Amino acid sequence: MLQTQRKDLADIITERRSINSFSDKPVSEEVIIDLLETAKWAPDHGVREPWRFILCLDNGKEHLLEAMLAYNSQCKKPKNPDKIRAKIMGPSAHLLVINNAETNRKKWEENYGAASALIQNFQLCAWEQGIGMIWKTGSYIDNDTFKEAMHIDSDETIIGLMQIGYPDQIPEAKPRTTVLNKITTLK
Ligand SMILES: Cc1cc2nc3c(=O)[nH]c(=O)nc-3n(C[C@H](O)[C@H](O)[C@H](O)COP(=O)(O)O)c2cc1C
């Protein structure tokens, strides 16, 4: 039986790019949940599974837009609302990755690391299926008006807003420095 050639993990890692421009092809809720079911196997100190998610599809994108506009109207230099609308309506889906409230600094950092590992798993598994995304951390992620509008407690941490869809354009990779310039080997 002819099998589709699976890409090497190393290729998926190096070829994945952050995507800003998406086609109209939708990414389904089922696909996103399936990807998260894999991504959740991230390293996670104490296996606390500190995260929760808010997935915005269809009318949910309008809800997210309202929250963005409420935040924007409070900014010293508000952005053009039409540009914000285009940024929210362009991707097929938006996923907020949110960590539980945590007052202990060490645990907070461990939880941030675990959620970041989950996000990278998610990005890579999506890329393997031809789905792109970008991890966004605009100032709204730490804004109480935005959080309240999205029903997120002020002491929860938004790790990122993942904007998801099939890529319309894949940007050139920004070069990375060789590790040889970064490593000190003790022998
Ligand atoms: C924690 C984190 C936050 C990020 N926040 C943003 C952001 O707010 N806006 C943005 O355009 N890209 C953001 N990015 C994506 C980076 O800009 C992107 O990964 C980087 O330019 C390298 O490009 P590549 O992912 O295509 O290799 C973020 C990435 C990380 C890991």
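The legends below describe close-up views of a predicted model. Residues are numbered from 1 along each chain as its sequence is written. Because the model is predicted, local features need pLDDT of at least 70 and side-chain atom pairs count only at pLDDT 80 or more, whereas totals for chains, interfaces and linings use all residues.

**View 1. The four-stranded open sheet.** Four strands (DSSP E runs of at least two residues, numbered from the N terminus, as are helices, which are H or I runs of at least four) form an open sheet in the order 1-2-4-3 with antiparallel pairing, two strands being taken as paired if DSSP finds at least two bridges between them. Strand 1 and strand 3 stand at the edges with a single partner strand each, so one side of each is left without a neighbour in the sheet. Neighbouring strands are turned by 20° against each other on average, direction ignored (axes are lines fitted to C-alpha atoms, for helices over the stretch in contact, and angles run from 0 to 180 degrees between N-to-C directions).

**View 2. Strand 1, strand 2 and the helices on the sheet.** Strand 1 and strand 2 (residues 93–99) pair in the antiparallel sense over 6 bridges, and Leu96 in strand 2 is the bridge partner of Ile54. Helix 5 (residues 105–128) packs on the sheet, where it touches strand 1, strand 2, strand 3 and strand 4, and its direction makes about 5° with that of strand 4; contact requires C-beta atoms, placed from the backbone, to lie within 7 Å. Helix 2 lies across strand 1, strand 2 and strand 4 (157–165), running at about 160° to strand 1.

**View 3. Helix 3 against helix 4.** Helix 3 (residues 59–74) and helix 4 (residues 81–89) pack at an angle of about 145°, with their axes 10 Å apart. Lys61, Leu64, Leu65, Met68, Leu69 and Asn72 in helix 3 meet Pro81, Ile84, Arg85, Ile88 and Met89 in helix 4.

**View 4. His45 and Lys136.** His45 is found in the loop between helix 2 (29–39) and strand 1 (51–56), and is partly exposed, with 13 other C-beta atoms within 10 Å (20 or more would make a residue buried, 12 or fewer exposed, and partly exposed lies in between). Not counting residues up to four places away in sequence, His45 touches Glu110 and Ala114. Lys136, found in strand 3 (residues 132–136), also counts as partly exposed, with 16 C-beta neighbours inside 10 Å.

Methods:
Contact = placed C-beta atoms within 7 Å.
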